[in-house]
Amino acid sequence: MPNEYLTNTNMKKSIAAILLFVGTLSIAKAQHPLQSEIVYNDEVHTLYYIFLKVDSKTAEKAWKSELDKLGKVNDKKGEIRVSPITNKNFAPDLYEAPAFVDEIDDFSRVGFILLDKKGESLMDVDQSQVDSFLTNFYQNAYYLEEVRMAEEDLKNADDLRSRAEKDKKKVEKSMDANLKAQEKLGKKIDQAPEDIRRIIEEKDTLLQQAESAENEGKTKDEEISKMDAEIAKNQQKADKANDKLQKKEEEFEELKDELVKAKRALERAEKVYQSKKDTLDRLKSLG
């Protein structure tokens, strides 16, 4: 997996998903359909169930889908009940099947009790059919959990891609701002010689006027001094603008390098995303 993918939150999420996936596969090999007694409606009944390390929402979704094969699934006030029964492979006298999804520590316990028309647990049950039903559910539940984890993996890859896209746009925006600043500084630099030339011409005119005046030898010293100061000030502005322009040009070269890196990072992120999407699509095609 690319280094840029396993960073910060993404790395933690991806590792957690991998550990969960490996852990669930190991548990899956060890699980078996079980049965024991429980109290339901103040009566002792036989519960047929299985433990699985799957998110409870995923487990409930898969369980309801599996129960559809028995009959009509009703879910009222948090209680799941299959009634009427349309598939009587478990027993001819099967009338209804209250079903359960409970959380016990880090596991989900999923099961049902099989009742006759009197509301009593059936004694004559085809155990092989019940075991096969629970085992099939177990496989479907883990398949849905794999899909859920693959979707989370895809979401992490999409987050990575979004950040890479934002980084690229940020650099492009900085480059646009840099070019505008260069253009503005260039206009200032181009304008400076004209302003200085204009002031010098005004100064020469003033000197000529002073020489032809009655009080020859007396010049307008204050005005000339102001003009000299303005010339110096304009030159300083031009020099400062030149320095800024040079820095902006150097910065622009650095931004070009950053843009290349940002584009490459985005390309890698898009490849990771597409790979995750293809994996999820292949996994879903198996369902």
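**Exercise 1: a proline and its peptide bond**

Find the strand in which proline 84 lies, then work out which peptide bond around it is cis.

*Solution.* Start with the location: proline 84 is part of strand β4. This is a predicted model, by the way. Next, check omega: between serine 83 and proline 84 it is about 0°, so the bond joining them is cis. For background, most peptide bonds are trans.

**Exercise 2: two loop residues with unusual phi**

Take asparagine 41 and aspartate 105. Where do they sit, and are they buried or exposed?

*Solution.*
- Step one, phi: asparagine 41 comes out near 55°, a positive value though the residue is not glycine. Aspartate 105 has a positive phi of about 55° and isn't a glycine either. As a yardstick, most residues other than glycine have a negative phi.
- Step two, place: asparagine 41 is in the loop between β1 (34–40) and β2, while aspartate 105 belongs to the loop between β5 and β6.
- Step three, accessibility: exposed means over 50% relative accessible area. Asparagine 41, with 56%, is therefore exposed, and aspartate 105, with 72%, is exposed too.

**Exercise 3: the nonpolar core**

Describe the largest nonpolar core, then look at phenylalanine 112 inside it.

*Solution.*
- First, the size: this core has 29 residues, and Leu52, Trp63, Leu67, Phe112 and Leu114 have the most contacts inside it.
- Then, the sources: β2 (43–52), α2 (56–67), β4 (79–85), β5 (97–104), β6 (107–112) and α3 each give two or more residues. Helix α3 gives the most, with 7 residues.
- Now zoom in: leaving aside neighbours within four places in sequence, phenylalanine 112 touches partners including Tyr48, Trp63, Leu67, Phe90, Phe100, Val130 and Phe133.
- Finally, look elsewhere: apart from the largest core there is another one of 9 residues, among them Leu154, Ala157, Val272 and Leu283.

**Exercise 4: the second largest pocket**

Which elements give two or more residues to the lining of the second largest pocket, and how does that lining split by class?

*Solution.* Begin with the volume, about 260 Å³. The lining includes Lys184, Leu185, Asp195, Asn234, Lys237 and Lys244. Helices α3 (127–211) and α4 (221–285) are the elements giving two or more residues. Sorting by class yields 6 charged, 4 nonpolar and 2 polar residues.

**Exercise 5: the whole chain**

How many helices and strands are there, and in what pattern?

*Solution.* Counting gives 4 helices and 6 strands. Along the sequence they read α-β-β-α-β-β-β-β-α-α. For the surface, the chain exposes about 18500 Å², with carbon and sulfur atoms supplying 48% of it. Buried residues account for 34% of the 287.

Notes: Residues numbered from 1 in each chain as written. Predicted model: local features only at pLDDT ≥ 70, side-chain atom pairs only at ≥ 80, totals over all residues. Heavy atoms only, no water. 1 Å grid on protein atoms, 1.4 Å probe; cavity = no way out; pocket = protein on both sides within 12 Å on 5 of 7 lines; lining within 4 Å. Points joined across faces, edges and corners; volume = space filled by probe spheres on them. Nonpolar A, V, L, I, M, F, W, Y, C, P; charged D, E, K, R; others polar. Core = buried A, V, L, I, M, F, W, Y, C linked by side-chain atoms within 4.5 Å. Buried < 20%, exposed > 50% of the residue type's maximum accessible area, 1.4 Å probe, protein only. Contact = heavy atoms within 4.5 Å. Areas by Shrake-Rupley, 256 points an atom, 1.4 Å probe, with all protein chains shown as cover.
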